[in-house]
Amino acid sequence: MKLTKIDALTLDNLFITENNDAFVSAVKALSDNGLTVSTAESCTGGLIGKMFTDVPGASAVFVGGMITYTNRVKISKLGVSAETIAKHTEVSAECACEMAERARALFESDLAVSATGFAGPTGGNEKDGVGTVYLGISSAEETVVYRLSFGPLSRDEIRTRTSLFAAKALVDMLKKG
C-alpha cells in the first residue's frame, strides 16, 4: 500500500458541475497523455464506470471496472486484504487505497479510481457518518485518497457527486503530471 496523502473535503469546499463535462475532460486528458484507467467501486455501484463509458471515445482509455459492493468480493475478487478491512473497516482511506491499487494491477491500467462510503440513508459510524466517501486514485507513483463529506444529501446525489469528483480529481492529477 502506497498511500501518500489524504485530503479531507466537505460539501462547503467541493464544487462540482452537474453535467458530464468532468468525464469528457477526463477522457480527453487520459487520451492526450496516452493513459488508461480502471475502477473499483462500492458505494457508487458502477456509476463512475458508466459515466466514463457515456463519453464517445472512452474505449481508448477506459479498460474496465469492478463493482465490489460486499467485503467478500472486495477480498476474494479484488484482493483487498481482510486485515485492512478488519482493522480499518471497508469505509476507510486504507480500503480505498487498496481498492485503487488492486484495480490498477488487475486491469493492467495506468491509473485506477476507487470509491467506498456510506451513501445512505442508513449506515455510518461515529467517525464517518452517512455522506462520507473515500475516493482513491492510484498511479504507479502514488495513491491519493480523498475523504469526501457530503452530509445530508440523497443517496443519488452522494453517488453522482462522488463520481463527478472522481473525474475532476483525475484530471487535476494529470495536470500536475
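**View 1. Three aromatic pairs are found in this predicted model.** Let's start with Phe52 and Phe62, which form a stacked pair, with 5.4 Å from centre to centre and 20° between the planes. Phe52 belongs to helix H2 and Phe62 to strand E3 (residues 62–67), so their pairing ties together parts that are 10 residues apart in sequence. Both partners are tucked away from solvent: Phe52 is buried, and so is Phe62. If you bring Phe23 into the frame too, you have a cluster, since ring pairs link Phe23, Phe52 and Phe62.

**View 2. Tyr146 and Phe165 meet edge-to-face.** Here the ring centres are 5.1 Å apart and the planes stand at 80°; pairs with planes over 60 degrees apart count as edge-to-face. Tyr146 sits in strand E6 and Phe165 in helix H6, so this pair links distant parts of the chain, 19 residues apart. As for solvent, Tyr146 is buried, and Phe165 is buried as well.

**View 3. The largest nonpolar core brings together 38 residues.** Within this core, the residues with the most contacts are Phe52, Leu135 and Leu170. Two or more residues apiece come from helix H1 (21–32), helix H2 (47–53), strand E4 (111–117), strand E5 (132–138), strand E6 (143–149) and helix H6 (155–176). H6 supplies the largest share, with 10 residues. Another core lies apart from this one; it has nine residues, including Ala40, Cys95, Ala103 and Ala112.

**View 4. Leu135 and the residues it touches.** Setting aside residues up to four places away in sequence, Leu135 touches Ile48, Val113, Ser114, Ala115, Val144, Val145, Tyr146, Leu148, Thr162, Phe165 and Ala166. You may recognise Tyr146 and Phe165 in that list from the edge-to-face pair.

**View 5. Leu111, a buried residue of strand E4.** The relative accessible area of Leu111 is 4%, which is why it counts as buried. What lies around it? Beyond its neighbours within four places in sequence, Leu111 is in contact with Leu30, Leu35, Thr36, Val37, Ser38, Arg104, Ser138, Ser139, Leu170, Met173 and Leu174. Take Thr36 from that list: it is 75 residues from Leu111 along the chain, yet their C-alpha atoms are separated by 6.2 Å.

**View 6. Ser163, a buried serine in helix H6.** With 0% relative accessibility, Ser163 counts as buried. Its contacts, leaving aside neighbours within four places in sequence, are Phe23, Thr44, Leu47, Ile48 and Met51. Phe23 will be familiar from the ring cluster with Phe52 and Phe62.

**View 7. Cysteines without a disulfide.** A search of the whole structure finds zero disulfides. Why does Cys95 have no bond to Cys97? The sulfur of Cys97 is the closest cysteine sulfur to that of Cys95, but at 9.6 Å it is too far for a bond, given a disulfide cut-off of 2.5 Å. Cys95 counts as buried at 0% relative accessibility, and Cys43 counts as buried at 4%.

**View 8. Residues 10–18, where pLDDT stays under 50.** For this stretch the model has 17 contacts beyond four places in sequence. For the protein as a whole, the mean pLDDT is 90, and 89% of the residues reach 70 or more.

Definitions and conventions
Residues numbered from 1 in each chain as written. Predicted model: local features only at pLDDT ≥ 70, side-chain atom pairs only at ≥ 80, totals over all residues. Heavy atoms only, no water. Core = buried A, V, L, I, M, F, W, Y, C linked by side-chain atoms within 4.5 Å. Buried < 20%, exposed > 50% of the residue type's maximum accessible area, 1.4 Å probe, protein only. Helix = DSSP H or I, 4+ residues; strand = E, 2+ residues; numbered from the N terminus. Contact = heavy atoms within 4.5 Å. Phe/Tyr/Trp six-rings, centres within 6.5 Å; stacked < 30°, edge-to-face > 60°. pLDDT = per-residue confidence, 0-100.
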